[in-house]
Amino acid sequence: MAGFVVRWLRCFLVVGLSCFLLAGCNVNSSAGKTLRVATEPAFPPFEFQGKGGELQGFSYDLMNAIATAANFKADFQSIPFDGIIPAVQAKTVDAAISSITITAERAKTVSFSRPYFKAGLAIAIRADNQEITGFDSLKNKKIAVQIGTTGAAKAKSVPGVQIRSFDSAPLALQELVNGNVDAVINDAPVTLYAINTGNLKGIKVVQQLLTEEFYGIATAKNSPNLALINNGLDKVLKNGTYSQIYQKWFKTNPPQLPDKSPFENQTGAGVSGIFTSIGVILQSLPTLLQGAFVTLQLTILSVVLGLIGGSLIGIVRLSRIRVVRWVARAYVDFFRGTPLLVQIFMIYFGLPAIAQQLGFSFNLDRLVAAVVALSLNSAAYIAEVVRAGIQSIEVGQTEAAQSLGLSSVQTMRFVIFPQAMRRMIPPLGNEFISLLKDTSLVAVIGFEELFRKGQLIVAENYRAFEIYAAVALVYLCLTLLSSQAFSKLEIWMNPVKRQK
(Lines give C-alpha, C1' and ligand atoms only; values in the text may rest on other atoms or scores of the structure.)
Protein backbone atom coordinates (compact mmCIF):
# COMPACT_ATOMS: atom_id res chain seq x y z
CA MET A 1 0.00 0.00 0.00
CA ALA A 2 2.79 2.40 0.92
CA GLY A 3 4.54 1.66 -2.41
CA PHE A 4 1.34 2.43 -4.28
CA VAL A 5 1.02 5.83 -2.56
CA VAL A 6 4.66 6.65 -3.28
CA ARG A 7 4.20 5.87 -6.98
CA TRP A 8 1.13 8.15 -7.15
CA LEU A 9 3.05 10.92 -5.41
CA ARG A 10 5.86 10.59 -7.94
CA CYS A 11 3.42 10.75 -10.85
CA PHE A 12 1.74 13.80 -9.32
CA LEU A 13 5.08 15.56 -8.90
CA VAL A 14 6.13 14.75 -12.47
CA VAL A 15 2.85 16.02 -13.95
CA GLY A 16 2.90 19.14 -11.77
CA LEU A 17 6.52 19.95 -12.70
CA SER A 18 5.75 19.43 -16.40
CA CYS A 19 2.78 21.83 -16.24
CA PHE A 20 4.93 24.36 -14.44
CA LEU A 21 7.66 24.15 -17.12
CA LEU A 22 5.11 24.44 -19.93
CA ALA A 23 3.59 27.51 -18.32
CA GLY A 24 7.05 29.01 -17.99
CA CYS A 25 7.78 28.31 -21.64
CA ASN A 26 4.53 30.01 -22.69
CA VAL A 27 5.39 33.07 -20.65
CA ASN A 28 8.86 33.22 -22.17
CA SER A 29 7.52 32.73 -25.70
CA SER A 30 5.09 35.60 -25.20
CA ALA A 31 7.84 37.82 -23.89
CA GLY A 32 10.17 36.82 -26.73
CA LYS A 33 7.75 37.42 -29.62
CA THR A 34 9.52 38.21 -32.89
CA LEU A 35 8.01 40.44 -35.59
CA ARG A 36 9.22 40.23 -39.18
CA VAL A 37 9.73 43.85 -40.18
CA ALA A 38 10.11 44.75 -43.87
CA THR A 39 12.43 47.55 -44.94
CA GLU A 40 14.53 48.65 -47.90
CA PRO A 41 18.05 49.66 -46.81
CA ALA A 42 18.54 52.21 -49.61
CA PHE A 43 17.12 55.39 -48.11
CA PRO A 44 19.74 57.11 -45.95
CA PRO A 45 19.64 58.46 -43.29
CA PHE A 46 16.50 56.43 -42.49
CA GLU A 47 17.51 53.01 -43.79
CA PHE A 48 20.89 52.01 -45.23
CA GLN A 49 23.77 49.57 -44.83
CA GLY A 50 26.97 50.60 -43.08
CA LYS A 51 30.47 49.88 -44.32
CA GLY A 52 30.44 46.49 -42.64
CA GLY A 53 27.06 45.58 -44.07
CA GLU A 54 25.17 46.22 -40.81
CA LEU A 55 21.79 47.93 -40.97
CA GLN A 56 21.87 51.55 -39.86
CA GLY A 57 19.58 54.55 -39.82
CA PHE A 58 16.87 56.41 -37.95
CA SER A 59 14.21 53.79 -38.74
CA TYR A 60 16.24 50.86 -37.39
CA ASP A 61 17.16 52.67 -34.20
CA LEU A 62 13.55 53.68 -33.64
CA MET A 63 12.14 50.21 -34.38
CA ASN A 64 14.62 48.57 -32.03
CA ALA A 65 13.67 51.07 -29.31
CA ILE A 66 9.97 50.34 -29.91
CA ALA A 67 10.66 46.60 -29.71
CA THR A 68 12.49 47.01 -26.41
CA ALA A 69 9.71 49.17 -24.95
CA ALA A 70 6.94 46.78 -26.09
CA ASN A 71 8.86 43.62 -25.17
CA PHE A 72 9.28 42.02 -28.61
CA LYS A 73 12.10 41.48 -31.11
CA ALA A 74 12.38 42.94 -34.61
CA ASP A 75 13.66 40.72 -37.42
CA PHE A 76 14.42 43.08 -40.32
CA GLN A 77 13.87 41.73 -43.82
CA SER A 78 15.06 43.58 -46.92
CA ILE A 79 12.35 44.05 -49.57
CA PRO A 80 12.20 46.48 -52.53
CA PHE A 81 10.07 49.49 -51.66
CA ASP A 82 7.37 48.81 -54.26
CA GLY A 83 6.95 45.30 -52.83
CA ILE A 84 6.69 46.26 -49.15
CA ILE A 85 2.97 47.06 -48.97
CA PRO A 86 2.01 43.95 -51.00
CA ALA A 87 4.15 41.89 -48.58
CA VAL A 88 2.35 43.44 -45.60
CA GLN A 89 -1.01 42.78 -47.25
CA ALA A 90 -0.12 39.14 -47.86
CA LYS A 91 1.17 38.85 -44.25
CA THR A 92 4.52 37.67 -45.55
CA VAL A 93 5.86 40.13 -42.99
CA ASP A 94 4.28 41.36 -39.76
CA ALA A 95 5.09 45.05 -40.15
CA ALA A 96 7.08 47.50 -42.28
CA ILE A 97 9.13 50.56 -41.40
CA SER A 98 10.71 52.06 -44.51
CA SER A 99 9.86 55.78 -44.54
CA ILE A 100 6.36 54.94 -45.79
CA THR A 101 4.25 58.08 -46.10
CA ILE A 102 0.74 57.68 -44.69
CA THR A 103 -1.71 58.32 -47.56
CA ALA A 104 -5.44 57.71 -47.96
CA GLU A 105 -4.84 55.16 -50.76
CA ARG A 106 -2.30 53.18 -48.75
CA ALA A 107 -4.49 53.34 -45.64
CA LYS A 108 -7.18 51.45 -47.57
CA THR A 109 -4.89 48.42 -47.95
CA VAL A 110 -2.84 48.44 -44.72
CA SER A 111 -3.13 49.89 -41.21
CA PHE A 112 -0.65 52.52 -40.03
CA SER A 113 0.69 53.25 -36.58
CA ARG A 114 0.57 56.73 -35.20
CA PRO A 115 2.98 58.99 -37.17
CA TYR A 116 6.61 58.71 -36.14
CA PHE A 117 8.21 61.30 -38.46
CA LYS A 118 7.21 64.58 -40.12
CA ALA A 119 8.65 65.01 -43.61
CA GLY A 120 7.92 66.60 -46.97
CA LEU A 121 8.86 66.43 -50.63
CA ALA A 122 11.54 68.67 -52.08
CA ILE A 123 12.93 69.32 -55.55
CA ALA A 124 16.59 68.51 -56.19
CA ILE A 125 18.32 70.04 -59.22
CA ARG A 126 21.87 70.38 -60.51
CA ALA A 127 23.87 73.16 -58.87
CA ASP A 128 24.28 75.04 -62.15
CA ASN A 129 20.56 74.96 -62.98
CA GLN A 130 19.04 78.47 -62.89
CA GLU A 131 15.74 77.67 -64.61
CA ILE A 132 13.98 75.59 -61.95
CA THR A 133 13.03 77.68 -58.93
CA GLY A 134 9.93 75.82 -57.73
CA PHE A 135 7.23 73.32 -58.59
CA ASP A 136 5.64 75.47 -61.32
CA SER A 137 8.90 75.65 -63.27
CA LEU A 138 9.00 71.84 -63.69
CA LYS A 139 6.63 72.02 -66.66
CA ASN A 140 7.83 69.97 -69.66
CA LYS A 141 10.93 68.82 -67.74
CA LYS A 142 12.45 65.38 -67.20
CA ILE A 143 12.00 64.22 -63.59
CA ALA A 144 13.43 61.16 -61.83
CA VAL A 145 11.50 59.55 -58.95
CA GLN A 146 11.54 56.41 -56.85
CA ILE A 147 8.82 54.00 -57.94
CA GLY A 148 5.80 53.71 -55.66
CA THR A 149 6.54 56.86 -53.62
CA THR A 150 4.54 60.01 -53.02
CA GLY A 151 7.21 61.82 -55.03
CA ALA A 152 6.26 59.69 -58.04
CA ALA A 153 2.59 60.54 -57.52
CA LYS A 154 3.38 64.26 -57.19
CA ALA A 155 5.44 64.25 -60.39
CA LYS A 156 2.45 63.03 -62.40
CA SER A 157 0.65 66.31 -61.73
CA VAL A 158 3.30 68.32 -63.61
CA PRO A 159 2.09 69.34 -67.11
CA GLY A 160 4.11 67.81 -69.96
CA VAL A 161 6.46 66.00 -67.60
CA GLN A 162 8.66 63.04 -68.62
CA ILE A 163 8.99 60.72 -65.62
CA ARG A 164 11.76 58.19 -65.11
CA SER A 165 11.10 55.72 -62.29
CA PHE A 166 13.89 53.98 -60.39
CA ASP A 167 13.92 51.30 -57.73
CA SER A 168 15.65 53.47 -55.12
CA ALA A 169 16.25 57.12 -54.27
CA PRO A 170 20.06 56.93 -54.75
CA LEU A 171 19.57 55.76 -58.35
CA ALA A 172 17.17 58.63 -59.05
CA LEU A 173 19.66 61.13 -57.60
CA GLN A 174 22.52 59.55 -59.60
CA GLU A 175 20.42 60.04 -62.74
CA LEU A 176 20.32 63.75 -61.88
CA VAL A 177 24.08 63.89 -61.26
CA ASN A 178 24.70 62.25 -64.64
CA GLY A 179 22.61 64.97 -66.29
CA ASN A 180 19.96 62.65 -67.74
CA VAL A 181 17.08 64.45 -65.96
CA ASP A 182 16.36 68.03 -64.94
CA ALA A 183 15.15 67.35 -61.40
CA VAL A 184 14.34 64.76 -58.74
CA ILE A 185 11.26 64.87 -56.51
CA ASN A 186 12.13 63.05 -53.32
CA ASP A 187 11.79 63.25 -49.55
CA ALA A 188 13.66 66.32 -48.35
CA PRO A 189 15.62 64.69 -45.45
CA VAL A 190 17.05 62.00 -47.73
CA THR A 191 18.16 64.44 -50.42
CA LEU A 192 19.69 66.83 -47.88
CA TYR A 193 21.54 63.95 -46.20
CA ALA A 194 23.04 62.87 -49.55
CA ILE A 195 24.23 66.44 -50.20
CA ASN A 196 25.53 67.13 -46.68
CA THR A 197 27.53 63.89 -46.51
CA GLY A 198 29.23 64.71 -49.81
CA ASN A 199 28.18 61.43 -51.40
CA LEU A 200 26.51 63.28 -54.26
CA LYS A 201 28.15 66.45 -55.51
CA GLY A 202 26.92 69.10 -57.89
CA ILE A 203 23.24 69.11 -56.82
CA LYS A 204 21.15 71.35 -54.61
CA VAL A 205 17.66 71.46 -53.14
CA VAL A 206 15.15 74.11 -54.10
CA GLN A 207 14.24 75.70 -50.76
CA GLN A 208 10.59 74.82 -50.90
CA LEU A 209 8.72 71.86 -49.39
CA LEU A 210 6.02 70.67 -51.75
CA THR A 211 4.05 68.75 -49.15
CA GLU A 212 3.74 68.05 -45.44
CA GLU A 213 3.78 64.33 -44.84
CA PHE A 214 4.01 61.83 -42.01
CA TYR A 215 5.70 58.43 -41.94
CA GLY A 216 3.99 55.48 -40.28
CA ILE A 217 4.71 51.83 -39.50
CA ALA A 218 2.51 49.63 -41.69
CA THR A 219 0.77 46.42 -40.59
CA ALA A 220 -1.89 44.24 -42.16
CA LYS A 221 -5.54 45.16 -41.64
CA ASN A 222 -6.87 44.03 -38.24
CA SER A 223 -3.39 42.91 -37.18
CA PRO A 224 -2.88 42.48 -33.42
CA ASN A 225 0.66 43.78 -33.91
CA LEU A 226 -0.57 47.33 -34.52
CA ALA A 227 -1.54 47.85 -30.87
CA LEU A 228 1.77 46.36 -29.75
CA ILE A 229 3.75 48.73 -31.99
CA ASN A 230 1.69 51.78 -31.01
CA ASN A 231 2.21 50.92 -27.34
CA GLY A 232 5.99 50.81 -27.81
CA LEU A 233 5.97 54.00 -29.90
CA ASP A 234 3.99 55.84 -27.22
CA LYS A 235 6.55 54.83 -24.62
CA VAL A 236 9.62 55.96 -26.58
CA LEU A 237 7.94 59.28 -27.39
CA LYS A 238 7.19 59.91 -23.72
CA ASN A 239 10.42 58.71 -22.08
CA GLY A 240 12.73 60.82 -24.28
CA THR A 241 14.20 57.95 -26.33
CA TYR A 242 12.63 59.26 -29.54
CA SER A 243 14.16 62.70 -29.00
CA GLN A 244 17.62 61.17 -28.49
CA ILE A 245 17.38 59.12 -31.70
CA TYR A 246 16.09 62.13 -33.66
CA GLN A 247 18.94 64.35 -32.44
CA LYS A 248 21.47 61.63 -33.25
CA TRP A 249 20.51 61.61 -36.94
CA PHE A 250 19.22 65.15 -37.60
CA LYS A 251 21.10 67.29 -35.03
CA THR A 252 17.92 69.12 -33.98
CA ASN A 253 14.88 68.71 -31.74
CA PRO A 254 11.96 66.72 -33.16
CA PRO A 255 8.68 68.44 -34.09
CA GLN A 256 5.31 67.65 -32.52
CA LEU A 257 3.63 64.58 -33.97
CA PRO A 258 -0.10 63.72 -34.18
CA ASP A 259 -1.46 61.13 -31.76
CA LYS A 260 -3.24 59.17 -34.50
CA SER A 261 -2.88 58.34 -38.16
CA PRO A 262 -4.64 60.96 -40.30
CA PHE A 263 -6.38 58.16 -42.23
CA GLU A 264 -7.03 55.77 -39.37
CA ASN A 265 -10.56 54.75 -40.38
CA GLN A 266 -9.95 54.21 -44.09
CA THR A 267 -11.40 50.99 -45.48
CA GLY A 268 -10.74 49.24 -48.73
CA ALA A 269 -13.07 47.56 -51.14
CA GLY A 270 -13.17 44.39 -49.07
CA VAL A 271 -12.18 40.90 -50.09
CA SER A 272 -12.03 40.65 -53.86
CA GLY A 273 -13.52 37.73 -55.72
CA ILE A 274 -12.41 35.98 -58.87
CA PHE A 275 -14.40 38.38 -61.07
CA THR A 276 -12.77 41.39 -59.44
CA SER A 277 -9.33 39.89 -60.07
CA ILE A 278 -10.20 39.19 -63.70
CA GLY A 279 -11.39 42.77 -64.03
CA VAL A 280 -8.11 44.08 -62.64
CA ILE A 281 -6.14 41.94 -65.11
CA LEU A 282 -8.26 42.99 -68.10
CA GLN A 283 -7.96 46.63 -67.12
CA SER A 284 -4.17 46.37 -67.00
CA LEU A 285 -3.75 44.42 -70.26
CA PRO A 286 -3.55 47.41 -72.67
CA THR A 287 -0.70 48.91 -70.64
CA LEU A 288 1.05 45.56 -70.31
CA LEU A 289 0.77 44.92 -74.07
CA GLN A 290 2.45 48.26 -74.72
CA GLY A 291 5.29 47.08 -72.52
CA ALA A 292 5.35 43.71 -74.31
CA PHE A 293 5.81 45.50 -77.65
CA VAL A 294 8.78 47.41 -76.23
CA THR A 295 10.18 44.13 -74.84
CA LEU A 296 9.98 42.48 -78.26
CA GLN A 297 11.65 45.44 -79.96
CA LEU A 298 14.44 45.42 -77.38
CA THR A 299 14.93 41.66 -77.69
CA ILE A 300 15.02 41.55 -81.50
CA LEU A 301 17.40 44.50 -81.76
CA SER A 302 19.74 43.07 -79.12
CA VAL A 303 19.72 39.56 -80.60
CA VAL A 304 20.51 40.84 -84.11
CA LEU A 305 23.44 42.91 -82.86
CA GLY A 306 24.50 40.09 -80.54
CA LEU A 307 24.38 37.61 -83.42
CA ILE A 308 26.65 39.79 -85.55
CA GLY A 309 29.12 40.39 -82.74
CA GLY A 310 28.90 36.84 -81.40
CA SER A 311 29.54 35.33 -84.84
CA LEU A 312 32.69 37.40 -85.27
CA ILE A 313 33.91 36.59 -81.75
CA GLY A 314 33.10 32.90 -82.21
CA ILE A 315 35.16 32.77 -85.40
CA VAL A 316 38.01 34.70 -83.72
CA ARG A 317 37.95 32.10 -80.91
CA LEU A 318 39.11 29.60 -83.54
CA SER A 319 41.95 31.81 -84.77
CA ARG A 320 45.47 30.42 -84.90
CA ILE A 321 46.84 33.70 -83.51
CA ARG A 322 47.17 33.13 -79.78
CA VAL A 323 46.82 36.77 -78.64
CA VAL A 324 43.65 37.32 -80.67
CA ARG A 325 42.23 34.05 -79.38
CA TRP A 326 42.97 35.05 -75.77
CA VAL A 327 41.30 38.45 -76.20
CA ALA A 328 38.15 36.78 -77.51
CA ARG A 329 38.25 34.29 -74.63
CA ALA A 330 38.64 37.11 -72.09
CA TYR A 331 35.58 38.89 -73.54
CA VAL A 332 33.47 35.74 -73.32
CA ASP A 333 34.62 34.96 -69.79
CA PHE A 334 33.92 38.50 -68.54
CA PHE A 335 30.40 38.84 -69.92
CA ARG A 336 29.41 35.28 -69.04
CA GLY A 337 31.04 35.48 -65.61
CA THR A 338 29.45 38.72 -64.39
CA PRO A 339 25.71 39.32 -63.81
CA LEU A 340 23.82 41.12 -66.55
CA LEU A 341 22.30 43.42 -63.94
CA VAL A 342 25.78 44.60 -62.92
CA GLN A 343 26.70 45.16 -66.57
CA ILE A 344 23.60 47.34 -67.05
CA PHE A 345 24.56 49.43 -64.00
CA MET A 346 28.15 49.76 -65.21
CA ILE A 347 27.13 50.96 -68.67
CA TYR A 348 24.28 53.31 -67.74
CA PHE A 349 25.43 54.73 -64.41
CA GLY A 350 29.14 53.88 -64.31
CA LEU A 351 30.39 55.18 -67.67
CA PRO A 352 28.88 58.70 -67.29
CA ALA A 353 30.23 58.92 -63.72
CA ILE A 354 33.74 57.96 -64.86
CA ALA A 355 33.51 60.46 -67.72
CA GLN A 356 32.64 63.26 -65.29
CA GLN A 357 35.62 62.36 -63.11
CA LEU A 358 37.84 62.60 -66.19
CA GLY A 359 36.51 66.09 -66.88
CA PHE A 360 34.09 65.66 -69.79
CA SER A 361 30.35 65.11 -70.12
CA PHE A 362 29.01 61.81 -71.44
CA ASN A 363 25.41 60.61 -71.30
CA LEU A 364 23.69 57.51 -72.58
CA ASP A 365 20.08 57.27 -73.66
CA ARG A 366 18.21 54.54 -71.79
CA LEU A 367 17.39 52.65 -74.98
CA VAL A 368 20.98 52.82 -76.18
CA ALA A 369 22.31 51.69 -72.80
CA ALA A 370 19.82 48.82 -72.62
CA VAL A 371 20.58 47.61 -76.16
CA VAL A 372 24.36 47.90 -75.65
CA ALA A 373 24.27 45.95 -72.38
CA LEU A 374 21.97 43.21 -73.70
CA SER A 375 23.87 42.93 -77.00
CA LEU A 376 27.29 42.66 -75.37
CA ASN A 377 26.02 40.03 -72.95
CA SER A 378 24.21 38.09 -75.66
CA ALA A 379 27.24 38.18 -77.96
CA ALA A 380 29.31 36.31 -75.36
CA TYR A 381 26.85 33.41 -75.28
CA ILE A 382 26.24 33.42 -79.02
CA ALA A 383 30.02 33.32 -79.60
CA GLU A 384 30.21 29.96 -77.84
CA VAL A 385 27.23 28.66 -79.82
CA VAL A 386 28.90 29.73 -83.07
CA ARG A 387 32.24 28.21 -82.07
CA ALA A 388 30.61 24.90 -81.17
CA GLY A 389 28.55 24.90 -84.36
CA ILE A 390 31.61 25.46 -86.56
CA GLN A 391 33.64 22.79 -84.78
CA SER A 392 30.79 20.30 -85.24
CA ILE A 393 31.34 20.30 -89.03
CA GLU A 394 33.66 17.54 -90.19
CA VAL A 395 37.24 18.58 -90.95
CA GLY A 396 37.05 16.72 -94.24
CA GLN A 397 34.69 19.33 -95.68
CA THR A 398 37.25 22.06 -95.06
CA GLU A 399 39.94 19.99 -96.73
CA ALA A 400 37.67 19.25 -99.69
CA ALA A 401 36.82 22.95 -100.14
CA GLN A 402 40.50 23.91 -100.04
CA SER A 403 41.34 21.21 -102.57
CA LEU A 404 38.84 22.88 -104.92
CA GLY A 405 40.76 26.13 -104.59
CA LEU A 406 38.51 27.96 -102.11
CA SER A 407 40.20 30.34 -99.70
CA SER A 408 39.70 30.13 -95.93
CA VAL A 409 37.13 32.96 -96.02
CA GLN A 410 35.26 31.36 -98.93
CA THR A 411 35.31 27.98 -97.21
CA MET A 412 33.82 29.49 -94.07
CA ARG A 413 31.25 31.54 -95.99
CA PHE A 414 29.99 28.97 -98.54
CA VAL A 415 30.66 25.59 -96.95
CA ILE A 416 31.11 25.58 -93.19
CA PHE A 417 28.92 28.40 -91.86
CA PRO A 418 25.67 27.51 -93.75
CA GLN A 419 25.79 23.97 -92.37
CA ALA A 420 26.76 25.14 -88.89
CA MET A 421 23.93 27.67 -88.89
CA ARG A 422 21.32 24.90 -89.18
CA ARG A 423 22.80 23.18 -86.13
CA MET A 424 22.92 26.46 -84.21
CA ILE A 425 19.20 27.26 -84.57
CA PRO A 426 18.03 25.37 -81.41
CA PRO A 427 20.62 26.93 -79.04
CA LEU A 428 20.10 30.35 -80.67
CA GLY A 429 16.39 29.95 -80.02
CA ASN A 430 17.16 29.28 -76.36
CA GLU A 431 19.32 32.40 -76.25
CA PHE A 432 16.52 34.49 -77.79
CA ILE A 433 14.02 33.26 -75.20
CA SER A 434 16.48 33.83 -72.35
CA LEU A 435 17.16 37.34 -73.58
CA LEU A 436 13.43 37.98 -73.91
CA LYS A 437 13.05 37.33 -70.19
CA ASP A 438 16.29 39.10 -69.26
CA THR A 439 14.96 42.35 -70.71
CA SER A 440 13.07 42.73 -67.42
CA LEU A 441 16.41 43.68 -65.84
CA VAL A 442 16.56 46.98 -67.74
CA ALA A 443 13.72 48.14 -65.48
CA VAL A 444 16.43 49.18 -63.00
CA ILE A 445 17.39 52.09 -65.27
CA GLY A 446 13.78 53.22 -65.61
CA PHE A 447 13.17 51.61 -69.02
CA GLU A 448 9.44 50.93 -69.24
CA GLU A 449 9.24 47.49 -70.79
CA LEU A 450 6.74 44.78 -69.78
CA PHE A 451 7.97 44.15 -66.24
CA ARG A 452 8.34 47.86 -65.39
CA LYS A 453 4.82 48.54 -66.67
CA GLY A 454 3.59 45.91 -64.24
CA GLN A 455 5.56 47.47 -61.38
CA LEU A 456 4.08 50.89 -62.11
CA ILE A 457 0.55 49.48 -62.05
CA VAL A 458 1.17 47.69 -58.73
CA ALA A 459 2.58 50.90 -57.28
CA GLU A 460 -0.82 52.50 -57.90
CA ASN A 461 -3.37 49.78 -57.05
CA TYR A 462 -1.33 47.39 -54.81
CA ARG A 463 -2.86 44.37 -56.58
CA ALA A 464 0.44 42.54 -56.81
CA PHE A 465 -0.82 38.99 -57.41
CA GLU A 466 -3.19 39.83 -60.26
CA ILE A 467 -0.80 42.20 -62.06
CA TYR A 468 2.31 40.01 -61.79
CA ALA A 469 0.24 36.97 -62.82
CA ALA A 470 -0.80 38.91 -65.93
CA VAL A 471 2.84 39.87 -66.57
CA ALA A 472 3.86 36.21 -66.27
CA LEU A 473 1.14 35.15 -68.73
CA VAL A 474 2.25 37.75 -71.28
CA TYR A 475 5.86 36.54 -70.96
CA LEU A 476 4.66 32.96 -71.35
CA CYS A 477 2.77 33.83 -74.55
CA LEU A 478 5.83 35.61 -75.96
CA THR A 479 8.15 32.68 -75.19
CA LEU A 480 5.72 30.11 -76.64
CA LEU A 481 5.35 32.12 -79.84
CA SER A 482 9.12 32.53 -80.06
CA SER A 483 9.64 28.81 -79.54
CA GLN A 484 7.19 27.98 -82.34
CA ALA A 485 8.83 30.50 -84.67
CA PHE A 486 12.28 28.97 -84.15
CA SER A 487 10.86 25.47 -84.67
CA LYS A 488 9.45 26.57 -88.03
CA LEU A 489 12.77 28.22 -88.89
CA GLU A 490 14.64 25.02 -88.04
CA ILE A 491 12.39 23.01 -90.36
CA TRP A 492 12.68 25.59 -93.16
CA MET A 493 16.50 25.57 -93.01
CA ASN A 494 16.70 21.75 -93.09
CA PRO A 495 16.10 20.45 -96.64
CA VAL A 496 15.22 16.92 -95.46
CA LYS A 497 12.58 18.09 -92.94
CA ARG A 498 11.28 20.69 -95.37
CA GLN A 499 10.56 18.03 -98.01
CA LYS A 500 8.70 15.90 -95.48
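Student: Which element gives the most to the lining of the second largest pocket?
Tutor: This is a predicted model, in which local features need pLDDT of at least 70 and side-chain atom pairs pLDDT 80 or more, whereas totals for chains, interfaces and linings use all residues. The second largest pocket (an open set of 1 Å grid points over the protein atoms alone where a 1.4 Å probe fits, with protein on both sides within 12 Å along at least five of seven lines) has a volume, filled by probe spheres set on the points, of about 590 Å³. Helix 13 (366-391), helix 14 (395-403) and helix 15 (408-438) each give two or more residues to its lining, where helices are DSSP H or I runs of at least four residues and strands are E runs of at least two. With five residues, the most is given by helix 15.

Student: Which residues lie closest to the centre of this second largest pocket?
Tutor: Residues are numbered from 1 along each chain as its sequence is written, and side-chain values use heavy atoms, without hydrogens and water. The second largest pocket is lined by 16 residues, each with an atom within 4 Å of a point. Of these, the closest to its centre are L318, R320, I390, T398 and M412.

Student: How do Y242 and Y246 pair, and what is the angle between the planes?
Tutor: The whole structure holds 26 aromatic pairs, meaning Phe, Tyr or Trp (six-membered) rings with centres within 6.5 Å, stacked if the planes are under 30 degrees apart, edge-to-face over 60 and tilted otherwise. Y242 and Y246 form one that is tilted, with 6.0 Å centre to centre and planes at an angle of 35°.

Student: Which helix holds both Y242 and Y246, and are the two buried or exposed?
Tutor: Ring pairs link both residues into a cluster with F43, F46, F58, Y116, F117, Y215 and F250. Buried means under 20% relative accessible area, exposed over 50% and partly exposed in between (1.4 Å probe, protein chains only). Y242 is therefore buried, at 3% relative accessibility, and Y246, with a relative accessible area of 8%, is likewise buried. The two lie four residues apart, about one turn, in helix 9 (residues 241-250), and both are buried.

Student: Where is the cis peptide bond that leads to P45?
Tutor: P45 is found in the loop between strand 2 (42-43) and strand 3 (47-49). With omega near 10°, the cis bond runs from P44 to P45.

Student: What is the bridge partner of A42 in strand 3?
Tutor: Strands 2, 3 and 4 form an open sheet in the order 2-3-4, with antiparallel pairing, and its edge strands, each pairing on one side only, are strand 2 and strand 4 (55-56). Pairing requires at least two DSSP bridges between the strands, and strand 2 pairs with strand 3 over two bridges. The partner of A42 in strand 3 is F48.

Student: Near what value is phi in K91 and in N222?
Tutor: Most residues other than glycine have a negative phi. K91 is placed in the loop between helix 3 (81-89) and strand 6 (95-96), where its relative accessible area of 56% makes it exposed. N222 is placed in the loop between strand 15 (218-219) and helix 8 (225-238), and counts as exposed because its relative accessibility is 78%. In K91 phi is positive, near 60°, and in N222 phi is also positive, near 60°.
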